[in-house]
Every structure is written in structure tokens, then in C-alpha cells.
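Hi everyone, thanks for making time today. I'd like to walk you through one structure, at an easy pace, so have a look at it with me.

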Amino acid sequence: MSTGGRPRVLVMHPILDPGPAILAEAAEVMAYPADRPLDEASIRRAAEGCVGIVSQLMDPIRDTVLSTPGLRCVSNVAVGFDNIDIAAATARKVMVTNTPGVLDDATADFAFTLLMAAARRVAEADAFTRAGHFHGWAIDMMLGQDVFGATLGIIGIGRIGRGVAHRAKGFNMRVLYYDPQPLPREAEEQLGATRVDLNRLIAESDFISVHVPLTQETLHLITTPQFNAMKRNAILVNTSRGAVVDEAALVEALNAKKLAGAGLDVYEREPAVHPHLIPMPNVVLAPHIASATVRTRSEMSAMAARNMATAVRGGRPPNLVNPEVKR
Ligand code: NAD
């Protein structure tokens, strides 16, 4: 189905300039009604007659949606694509695209922001000061952890993990990483990063920053045995996906003082945050904003729109996650 012969694309949520103009050149754009729930049946109904869907990470794109007749491409405005059933898409010959690379610096910056904020108790100090509790300098007030010269463990040394390692050099940190894919020797030397197994990374790191995709293998990668093995001064930073960390186990471990604190951008059941995390002063909480800079979100929008425009025109989008669909 099309309007005036033009192919239709469903845009699940508004994207930023120049994305809409790029899409409008290639297709008739249908906006998903903002008040409609984001369940698969509703998305499927809205996608009828569309050749493409521009989705975001809160949209469940599974077989019910992917089996829409005529659907050719799902363009996710994110580098992660755990909201999409890739195997089902491939089986249905639906191309899936993502937005790698353009968000590396913003996300790595934010991982470091959370690390620093948790280490030096920035959120707690801000609340304290605003509440009028600052009555004078005290030698034991708000003591935190040293970052300069500390050991940083990076789990997943892909694009963003490498960006975090790069930043850690400026803080003279000892950098350990765990990843089934080793870095080339030159990259290890350039970043000053040493590959270790997960157990050693957990046991030796003062800061642990997680940068893996959410997959069956990484679901609850960090859970009770890992928390039990952490240094008592350790701070866990998660800007990847919430379910990589077992949130209930994290709460238990924080209560038992198995680690010192955490900086979290992502949660297991977003937008819900585990209620026991809310009152914890040693945990810095952010609402999934690691890539949220003006430039980055605009580049993600443009990239997602270009991926879709290319697919609509019959081409092979540059950021194809399942290349076997279109060789
Ligand atoms: P990437 O593919 O470049 O890197 C991921 C790395 O994880 C790879 O090196 C891979 O080998 C490694 N890995 C995979 N399985 C692993 C395992 N079991 N143990 C250890 N390492 C493993 O991805 P990227 O662009 O660096 O992004 C990483 C993830 O960060 C994304 O998948 C996304 O979910 C998340 N992300 C979140 C935000 C945010 O807003 N919070 C922003 C950007 C990306």
C-alpha cells in the first residue's frame, strides 16, 4: 500500500533534524500515534502497508511485527538492537540497521561522568549543598575514592569500551579489559590496556565499566558471584543495557557493602528503576542519556534516516546488522 505511489515508512517516535527531511525525500512518513501503547500487536497494526519502520530501543520488534507483508527494513535509532529479534528478521528477509560509531564519544564521556560522579559523590554532594547542610569545611566530609591512578576494568572493548580506555589514559589509570575478541597488539599498547579473564578483572578493579551488547550470553553477566568477588571499594558503571547486570543482585550486594557504589544509566525494566536503588546515596542514577548530546542525537537521527532511505530505494543500507538478507 502507498500514498500517491510513494512507499510508506512508519516512524515510531520523532527523530531529530536532519532525519525527518532525509526520510521525507524517500518515503511517505507515517508517525506512530504518541498515545498508542508500544506492544507488538499495536505496532503491527500501525505498520500495515509500510515498507519500513524507524524504531527506537523501547519498541519491541519481534515476529508479530516483522511478519507484516511488504516490510523490508527496520532502522533502529541506536547502536544496540536487543529490542529486535534479528533471527526472525533475517528469516523474514527484513533488513535491520543500527547507528554505530556516531555515539561512541558521547557514551564514553558519560560512562566517565558516572564513574567520576560516583567516585566523588557528586549527586549526594549537590543534594546536600542545596538542602542547606553545608555549614563549613570538615576534614571527613564526603570522602570519596581516588580516580587518578586507580585500576579500571572494562567489560567489552568495542567502540565505546575503547573510548573509555582512551579517556582513562588521561587519569593515569591501570586498564584491564575482558572481551572474547582480543584487541590487536598495537591497540592494546596504544591504549595501555591488558586483557584478562572476567574473574581477574572483577577481583582487581577499583572501577568496572560495562560496554557489551545485551545478548543471551551477556544477560546477567554481572551477578552474585561477581559481586562477591569485587573489591569492597569497587564502583560499577553501567551504560550498556540494564539486563547485563542482575539488578536484584546489585541491590543485595550494595546493601551488604560488597561494593562501594554504582553509576547507572540503564535498568533491567526501563523505565522502572529498582525501588531499593532510589534512596541509596552511593548510587548515581541517570535516565538512559549516555548518548544524549545535541550533536550525537542529531547524527544518530540522520544515520537512521539514511539507512532507511537507502533501503526504501532498493539499496543496501550502510549499517546493516543482518547482511545475509541483502548481499
Ligand atoms: P561494539 O559492538 O563495538 O562492542 C561490544 C564489545 O563487546 C565487542 O568488542 C564484543 O566482542 C564485546 N562482547 C560481546 N560479548 C561479550 C561478552 N560476553 N563478554 C565480554 N565482551 C563481550 O558495541 P558498542 O558500539 O561499543 O556498544 C556497546 C553497547 O553499548 C551497545 O550494544 C548498546 O547496547 C550500549 N549503548 C548504550 C548507550 C546508552 O545510551 N546507554 C549508548 C550507546 C551504546
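I'll begin with the whole chain, then turn to the ligand, and finish with the aromatic rings.

Please keep in mind that what you see is a predicted model. The protein chain contains 12 helices and 12 strands. Its C-alpha trace spans about 75 × 50 × 35 Å along the principal axes. Does that fit a compact globule or not, and why? For 327 residues, such a globule would have a radius of gyration near 20 Å, and the protein chain has 22 Å, so the two agree.

Now to the ligand. Which residues come nearest to the ligand? There are 25 residues around it, and the nearest are Arg159, Ile160, Asp179, Thr239 and Asp265. If we sort this shell by class, we get 10 nonpolar, 11 polar and 4 charged residues.

Let's zoom in on some polar contacts, each one involving an oxygen atom of the ligand. Asp179 places a polar side-chain atom 2.7 Å from such an oxygen. For Arg241, a polar side-chain atom is 3.4 Å from a ligand oxygen. With Gly158 the partner is a polar backbone atom, at 3.4 Å from an oxygen of the ligand. And how much of the ligand is covered by the protein? On its own, the ligand has 870 Å² of accessible area, and the protein covers 86% of that.

Last stop, the aromatic rings. The count here comes to 1 aromatic pair. There is also a charge over a ring: Arg36 lies over the face of Tyr32, 5.7 Å from the ring centre.

Thanks for listening!

Terms used:
Residues numbered from 1 in each chain as written. Predicted model: local features only at pLDDT ≥ 70, side-chain atom pairs only at ≥ 80, totals over all residues. Heavy atoms only, no water. Phe/Tyr/Trp six-rings, centres within 6.5 Å; stacked < 30°, edge-to-face > 60°. Lys NZ or Arg CZ within 6 Å of the ring centre and 35° of its normal. Near = heavy atom within 4 Å. Polar contact = N/O pair within 3.5 Å; in protein donor to acceptor, adjacent residues only side chain to side chain. Areas by Shrake-Rupley, 256 points an atom, 1.4 Å probe, with all protein chains shown as cover. Nonpolar A, V, L, I, M, F, W, Y, C, P; charged D, E, K, R; others polar. Helix = DSSP H or I, 4+ residues; strand = E, 2+ residues; numbered from the N terminus. Rg over C-alpha atoms; globule rule 2.2 N^0.38 Å.
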